[in-house]
Amino acid sequence: MTDPRYLAVKLLNKTFSGSGYSNLQLSGGLDNSDMEERDRKLCSALYYGVIERRITLDHIICGLSSRPVAKLDSAVLNILRCGIYQILYMENIPDSAAVNESVALARKFSKTSAAGMINAILRNFIRSGKEYKLPKNLQDAASVKYSAPVGLIKSLTDDYGRELAENLLEDALTAPPVIIRRNPLLCGESELIAALGGITAEKLDFPENAYRLGGGDVTSAEAFRKGFFHVQDIASQLCCMAVAPTENDTVLDLCAAPGGKTFTMAELMDGKGEIYAFDLHEKRVGLIKKGADRLHLTNIKAAVGDASVFNPKLPVFTKILCDVPCSGLGAIRRKPEIKYKNSADFSGLPDIQYRIAENALNYLAEGGELVYSTCTLRKAENDEVCDRLLAEHGDIIEPVKLPSVLGERFGTRASIFPCHFGSDGFFIAKFRRK
């Protein structure tokens, strides 16, 4: 049977070499293993935990190792990271087990010569009382505390101030909640709860039809098979509320895959009207179609389309959602490896985002409304794109107040942090064609 610690280190080697998103890496690794549920949970906790706390763990290792972290073999380093993580953050694992299993891993990875060093570093950490000193420099100290690069901390602080920056980074070190949206077209609350089986569901006061689940495999529940819900974070549900589609609207979702926002808007329209949902890739369009079929939503038309290129065959739309590709920094708690990306990787995004938003104006009916949104918190991808859109097309569009609680709190643009609604980080702005 697969060793959960061995698989965690193996996946970490791949992830830190730049190979794909953490959720996809872990899902693929678990699917190809023969582990029981308990071991799957241990592997997942170690894998995500080390990614989330990498900078903190490396700081501790640096203070205990005679060799610089950068000079350590990648497998040896990830074994040490997993060992320190278990000792410092996993109270249900005895320190002795963390040490012994880490030493055993060295042999399984054919790193027998490093076994003595691994043993010494982990035992010295335990003898020290599991304590470590933060750097004296404030930004470096924050980097170790929140396990976030200094550049990211500075960028968030420059854009939003220290308090909100720390709110996002602190929240990113917690387990993200599983939020679902009930499909009101197929079931009531009692039917949903019954069909969830043993999975507990806490109804949220806001948004409407949203529930926080208590754990378990949601896709195996009868409620999932019957299309009684889809998984969707609070912020994404708020985004759909900002679009505020009705059964009398013709709606365009330009960057729709995998389809969560399309599904919520279709439900807000009582399954009536029309939603055109596009994505650049056929495979991802298939996800939209599959989800719509499961939820019995017949008012969705999904197809392949380039959001940045005008398609004269499309009609005009009364409501448009531009949920554009972005750096994803608002969703760090779900994909923690994002925070380690170089800011240069995001430099080309604002131009792409602007081209999509500008193209969307070609489809917008007079008096129609457009929502621009991202799951990031970088003003370069949010406010600056919106400012440019108004500067170059202010003759035909104007800002419009967001509906409900969003408008009351934020006005025409909302930079949403976890402290606001307990959601992922998100940005929403709304415009109307004059």
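This passage goes through three helix pairs, one pocket and a few unusual backbone spots in a predicted model.

Start with helix 1, residues 4–15, and helix 5, residues 74–89. Their axes come within 9 Å and cross at roughly 125°. An angle like that falls outside the ranges for roughly parallel, antiparallel or perpendicular pairs, so helix 1 and helix 5 are oblique to each other. As for handedness, helix 1 passes helix 5 in a right-handed crossing. On the helix 1 side, the contact uses Arg 5, Val 9, Leu 12 and Asn 13. Helix 5 answers with Ser 74, Ala 75, Asn 78, Ile 79, Cys 82 and Gln 86. Sorted by class, the residues of this contact between helix 1 and helix 5 come out as five nonpolar, four polar and one charged.

Helix 6 (95–108) and helix 7 (115–127) are next, with the loop between them. The two helices pack at an angle of about 165°, and their axes are 8 Å apart. Since anything over 145 degrees counts as roughly antiparallel, that is the label for helix 6 against helix 7. Here too the crossing is described as right-handed, with helix 6 passing helix 7. Helix 6 brings Asp 95, Ala 98, Val 99, Asn 100, Ser 102, Val 103 and Ala 106 to the contact. From helix 7 come Ala 115, Ile 118, Asn 119, Leu 122, Arg 123 and Ile 126. The class split for the contact of helix 6 with helix 7 is eight nonpolar, three polar and two charged residues.

The loop that links helix 6 to helix 7 holds a backbone oddity of its own. Ser 110 sits in that loop, and its phi is near 60°, a positive value in a residue that isn't glycine. Most residues other than glycine have a negative phi, and most peptide bonds are trans. The second half of that rule has exceptions in this model as well. Phe 206 and Pro 207 are joined by a cis peptide bond, with omega about 0°. Pro 207 belongs to the loop between strand 2 (201–203) and strand 3 (210–213). Another cis bond runs from Ala 257 to Pro 258, this one with omega near 5°. Pro 258 is placed in the loop between strand 5 (250–253) and helix 14 (260–268).

Helix 8 turns up twice, beginning with its packing against helix 4, residues 54–64. The axes of helix 4 and helix 8 come within 6 Å and cross at roughly 110°. With 65 to 115 degrees counted as roughly perpendicular, helix 4 and helix 8 get that description. Ile 55, Thr 56 and His 59 of helix 4 meet Ser 143, Val 144 and Lys 145 of helix 8. This contact of helix 4 with helix 8 divides into two nonpolar residues, three polar and one charged.

Helix 8 also helps line the second largest pocket, whose volume is about 240 Å³. Its lining has 13 residues, and those nearest the centre of the pocket are Leu 138, Gln 139, Ala 142, Arg 162 and Glu 166. Two or more lining residues come from each of helix 8 (138–146), helix 9 (150–160) and helix 10 (162–171). Helix 8 gives the largest share, with six residues. By class, the lining of this second largest pocket has eight nonpolar, two polar and three charged residues.

Notes
Residues numbered from 1 in each chain as written. Predicted model: local features only at pLDDT ≥ 70, side-chain atom pairs only at ≥ 80, totals over all residues. Heavy atoms only, no water. Axes fitted to C-alpha atoms, helices over the stretch in contact; angles between N-to-C directions. Helix = DSSP H or I, 4+ residues; strand = E, 2+ residues; numbered from the N terminus. Parallel < 35°, antiparallel > 145°, perpendicular 65-115°, else oblique. Left-handed = near helix turned anticlockwise from the far one by under 90°. Contact = heavy atoms within 4.5 Å. Nonpolar A, V, L, I, M, F, W, Y, C, P; charged D, E, K, R; others polar. 1 Å grid on protein atoms, 1.4 Å probe; cavity = no way out; pocket = protein on both sides within 12 Å on 5 of 7 lines; lining within 4 Å. Points joined across faces, edges and corners; volume = space filled by probe spheres on them.
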